[in-house]
Amino acid sequence: MKPIFKFKIAIIIFLAILFTGLKVWSQPVGATISNPIQAGTLTPGITFSDTKNNSPSNGFINNIGQASDDIYYGFTLASNAEVSISHCASGFDTYMYLLNASGSIIASNDDLGPLCSGLQASIKISLAAGAYYVVSEGYSNNSGAITTTLSIPAASTEVINVFAQQVGQVFSSLETSRVPFGLLRDVAMEQTNLDNYNGTVLVDSNFVSNAEWHAIYQTLVSASIGNNTPDFPEMKLIDSLCFNERGSGIRIKRKSWGDLKI
Ligand SMILES: [Ca+2]
Ligand SMILES: [Ca+2]
């Protein structure tokens, strides 16, 4: 073989290795079960949502199920829960698989699942605590933007309802509209002793920890009674608006409603 041919062959081999290496290296997160998009440990009442396009040009590859490229998500359950997984917000015919920690398929859906009315896939299933994977892809070889959402129900709803029913029976004869400010401490699910924060004990600061503040606020929310109750924003909204504005413990500054003194 002439030296020039050897040189050409070496170049071709080098380019082939380089191309293959780049292809593997350029696979996006979510292309394989070993490198899934992490949804983390699902939080009760909080929806995880992510949109990715499984078009072949985006580098997700076809490992499982339909002929289209797969997008892998990983999530964990801290305890047993009913998990809702949906593609409802996607704009084309999708398909979905739910895998256990070993990668075995434990559920799948094409159309008309429990959460979506059309060609978008969805699954609603009770699962034990542990790690799972969701595969989002298109039916057959369809591709496009797929919005995958994961959620578990708010954990405290049932407890609050039971508590509210019992309190409602106790105070059924109370004329709630006459309760000043719509707050009655006797009906509250007290998560802290409010007397510790009534201002009668003078201290050099009214600083409370994040956990104490949550306990105070949630106690006040649960003291709501009647139809003249103030509008309490959800705790997560309070968190997002308040704590990034919180000063040195002198007061809590709210973006929309002025200062809240406690
Ligand atoms: Ca596939
Ligand atoms: Ca479908």
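The following paragraphs walk through a predicted model, from its overall make-up to its sheet, a hairpin, one buried histidine and the main nonpolar core.

The protein contains 4 helices and 11 strands, and of its 262 residues 21% count as buried. Contacts between residues at least 6 apart in sequence join, in 72% of cases, residues that are at least 24 apart.

Among the strands, 4 form an open sheet in the order E2-E9-E4-E7, with antiparallel pairing. Its edges are strand E2 (48-53) and strand E7 (122-127), each of which pairs on one side only, and from one strand to the next the twist averages 15°. Within this sheet, strand E4 (residues 81-86) is joined to E7 by 6 bridges, the two strands running antiparallel; Ser 86 has Ser 122, in E7, as its bridge partner. In a regular strand the side chains alternate between the two faces of the sheet.

A hairpin is formed by strand E5 (residues 94-99) and strand E6 (residues 105-109), which pair in the antiparallel sense over 4 bridges. Leu 98 is bridged to Ala 107 in E6, and among the 5 residues between the strands of this hairpin, Gly 103 takes a positive phi near 90°.

The loop between E4 and E5 holds His 87. Is this residue, His 87, buried or exposed? His 87 counts as buried because 29 C-beta neighbours lie inside 10 Å, where 20 or more are required. Setting aside neighbours within four places in sequence, His 87 is in contact with residues including Thr 94, Met 96, Cys 116, Ser 122, Ser 136 and Ile 146. Ser 122, the bridge partner of Ser 86, is thus named here again as a contact of His 87. The C-alpha atom of His 87 is also separated by 9.7 Å from that of Ser 49, although the two residues are 38 apart along the chain.

Met 96, one of the contacts of His 87, leads on to the largest nonpolar core, which has 23 residues and in which Met 96, Tyr 133, Val 134, Val 135 and Leu 150 have the most contacts. Two or more residues of this core come from each of strand E3 (71-77), E4, E5, strand E8 (130-138) and strand E9 (145-151). Not counting residues up to four places away in sequence, Tyr 133 touches Ile 33, Pro 36, Tyr 72, Tyr 73, Gly 74, Leu 99 and Gly 103, the last of these being the hairpin residue with the positive phi. In soluble globular proteins, nonpolar side chains tend to be buried together.

Notes: Residues are numbered from 1 along each chain as its sequence is written. Chains are lettered from A and ligands numbered from 1 in the order in which they are written. This is a predicted model: local features need pLDDT of at least 70, side-chain atom pairs count only at pLDDT 80 or more; totals for chains, interfaces and linings use all residues. Two strands pair if DSSP finds at least two bridges between them. Axes are lines fitted to C-alpha atoms, for helices over the stretch in contact, and angles run from 0 to 180 degrees between N-to-C directions. A residue is buried if 20 or more other C-beta atoms lie within 10 Å of its own, exposed if 12 or fewer, and partly exposed in between; C-beta atoms are placed from the backbone. Two residues are in contact if their C-beta atoms, placed from the backbone, lie within 7 Å. A nonpolar core is a set of buried Ala, Val, Leu, Ile, Met, Phe, Trp, Tyr and Cys residues joined through C-beta atoms within 7 Å.
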